Amino acid sequence: MSQTKQATNTGALSTLVVVFFFWGFIASSNSVFIPFCKHKFNLDQFQSQLVDFAFYLAYYIGALGLFAYGAFGGKDLVGKWGYKKSIVYGLLFSAIGAAAMIIAVNANTFTGMLVGLFIVALGFSLQQTAAQPFAIALGDPSTGASRVNLAGGINSFGTSIGPIVVAFALFGSAAAITDDQIAALSLSKVVILYTAVGILFLAAAAMFHFSKKVPSGISEEKIEPANKALYLLLIITGFLVIAFTPVFKSYTSKEAITIYNNQKSIDTQNKIVTKSSKQISLLRNVKEDGLNNALDSLKKSNVTFTASDSSLLTNIANAKATIAPLQVENDQLSHPLETERMKWLLLALFVVVGGLLYANFAAQKNENGWGAMKYPQLVLGMLALFVYVGAEVAIGSNLGELLKQADFGSIPSSKIAPYISMYWGSMMIGRWTGAISAFEFKSQTNKILTVIVPLVAFGIVIAVNSIAQYDMSPLYMYIVCVFIQIGAVFISQDRPAKTLLVFSLIGLVSMLIGVFTKGDIAIYAFLTGGIACSIMWPCIFALSISGIGKYTTQGAAFLIMMILGGGIIPPIQGKLSDYLQSSHLDTPGYGIHNSFWVPVFCFAYILVFAIAVKGILKKQGINYEETEAVAGH
């Protein structure tokens, strides 16, 4: 007797898909929001990366809080509430965060915006914990993977759209504006944006809450003990606080205040130099163009007419004389200060890496109390996920500052949206391709779609940006990188270990090309980081929890905590940029360009993990040579 398949709850699934969309939309839009905040609030590169710090730290804190509740209370809080209520509560949290953002924007405070983003992401953390089982429960279990992949594909579409929409919200149009104009912009459109987002969060929460067809998803599953793992994570958290606190405090130190005040004076004097130079140039054209034409030019350039070159040259000389000692003092103060900050941030990185490696070592000697961390594939996979998320976010978040440099096109912050969209669009290209195998097409159809789908996804990114009136011609040749991705998929053969190895190698090589070159080649290389990252989440996830049996749920929670990498590694890259630039003041862009060594090392570790995990699993009798589908996250 044939069993009737359970119908998919399309209404609830549609709502869930919207939620997935906004996860991607807001996460990727941070890459545009960061350079905007840098100029709006006069921040250095590290401070601008605190947008990522606040956003991704919330994921870690949320996941750690849920794990701690389960460890001390003996029950899974999400299981106790059920995934329906958990998603509702998560959406309400995010709505509160949107309201906090609106309040912070009205108060014109960067710190308040960080708090708002933190609350939004805290809600996301709770939503994501419940989202996958929720998607599976909305229909027949046999088609659950397809629903998860559909939601993941929409999430990736959100990452492509987010930068474009937020760029319009922040800058008002696709036209280029200067950094000084950015600093003078009104934040009213940000209020409108987050009002709309908050309303959507509330609407989605209401739809979930009042839907009678949506299952509650309550689970009484027992929590596996892992007290040592919990204590380690709490200790890591404590040390992260210790490491970051001196860095934050250093921005109110005597040295930092002196540098800030000196820089304000230098900026003022530089404006005098620029204005006086324009006046001299216009005055010297009087003989050639005629007095009336010169006066017209002066009016258009917003400068005041001065009778002679001599007074203007005096202004320039006085301004430069004022700048010189201030610049010398800043040079003397900045490098030692940046060095001290860099040391503390490297300590933060060491705490996470060292802590996880210690867990792996200690659990091999005595597995009691370590729970899922007794499995080396999980602990090493946690570190792989940490650096993967860190690299993925850091590339996108530091790309805007790189593009501003003369060697990379001198692209102003108001014009970077197409590049950011293409970077996150590369994630969509890879994830849509990775999702094909989950739909069980015939072999020949699979191969055809593996070529067609990424090209269609690339076309969508180009089309959406073109509709938004951005000039996409500089990115047309990026299709070469898309063909590299297609070739990599065929080589990988849907095997997680092999796929991770191939794509981590692409990431490593592309970052090295980017670091050692300039111009379009470097830009394309860094954008290719998006393609490399696109399928890493499911590969690392699948390899890390393979063979851990009853600890699978706990292991998944540990892995989700490692989204923390998105909060730690981008600020480290930002500070590395500040540090390197402070010792190469005569080479504009030196710091930000060479800061991309950070994702080089991230991809290098992922490559090592891809090689090592295969042997670790083989020792446990698990063979990943067999073909397994790799779906997008």
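Which residues are buried in α22? Select that helix and find out. The model on your screen is a predicted one, and this tour goes through it stop by stop.

**Stop 1: helix α22**

Colour residues 552-561, the stretch that makes up helix α22. The buried residues here are Gln554, Gly555, Ala556, Phe558, Leu559, Ile560 and Met561. That is seven of the ten residues of α22, so the helix is largely enclosed by the rest of the structure. To see what surrounds it, show four more helices: α3 (50-73), α10 (227-250), α15 (376-403) and α21 (536-545) are the elements that the buried residues of α22 pack against. Keep α3 and α10 on display for the next stop.

**Stop 2: aromatic rings**

Now show the side chains of Phe, Tyr and Trp. The structure holds 26 aromatic pairs. Start with Phe53 and Phe244, a tilted pair with 4.8 Å from centre to centre and 35 degrees between the planes. Phe53 sits in helix α3 and Phe244 in helix α10, so this pair links distant parts of the chain, 191 residues apart. Both of these residues are buried.

Then move to Phe458 and Tyr478. Their ring centres are 6.5 Å apart and their planes meet at 35 degrees, so this pair is tilted. Phe458 belongs to helix α17 (residues 443-467), while Tyr478 is in the loop between α17 and α18 (479-492), so the pair ties together parts that are 20 residues apart in sequence. Are these two rings buried or exposed? Phe458 has a relative accessible area of 7% and Tyr478 has 0%. Buried means under 20%, so Phe458 is buried, and so is Tyr478.

Before leaving the rings, select Phe46, Phe53, Phe244, Phe248 and Tyr251 together. Ring pairs link these residues into a cluster.

**Stop 3: the largest pocket**

Select Asn42, Leu43, Asp44, Gln263 and Asp267. Among the 41 residues that line the largest pocket, these lie nearest its centre. The pocket has a volume of about 2000 Å³. Elements giving two or more residues to its lining are α1, α2 (45-48), α8 (179-183), α11 (254-283), α14 (309-365) and α23 (565-582). Which of them gives the most? Helix α11 does, with eleven residues. Try colouring the lining by class: you should find 13 nonpolar, 15 polar and 13 charged residues.

**Stop 4: a cavity**

A search of the whole structure finds three cavities of 30 Å³ or more. For the second largest, select Ser29, Phe33, Val166, Ala169, Leu170, Val190, Leu193 and Tyr194, which line it. Two or more of the lining residues come from each of α1 (10-40), α7 (144-171) and α9 (188-210). About 60 Å³ of space lies inside this cavity. Its lining has seven nonpolar residues, one polar residue and no charged ones.

**Stop 5: the cysteines**

How many disulfides does the structure hold? Zero. Select Cys602 and Cys533 to look at one example. The sulfur of Cys602 has its closest cysteine sulfur in Cys533, 9.0 Å away, which is too far for a bond. A disulfide needs two cysteine sulfur atoms within 2.5 Å. Cys602 counts as buried, at 5% relative accessibility. Finish at Cys481, which is also buried, with a relative accessible area of 10%.

Terms used: Residues numbered from 1 in each chain as written. Predicted model: local features only at pLDDT ≥ 70, side-chain atom pairs only at ≥ 80, totals over all residues. Heavy atoms only, no water. Buried < 20%, exposed > 50% of the residue type's maximum accessible area, 1.4 Å probe, protein only. 1 Å grid on protein atoms, 1.4 Å probe; cavity = no way out; pocket = protein on both sides within 12 Å on 5 of 7 lines; lining within 4 Å. Points joined across faces, edges and corners; volume = space filled by probe spheres on them. Nonpolar A, V, L, I, M, F, W, Y, C, P; charged D, E, K, R; others polar. Contact = heavy atoms within 4.5 Å. Phe/Tyr/Trp six-rings, centres within 6.5 Å; stacked < 30°, edge-to-face > 60°.
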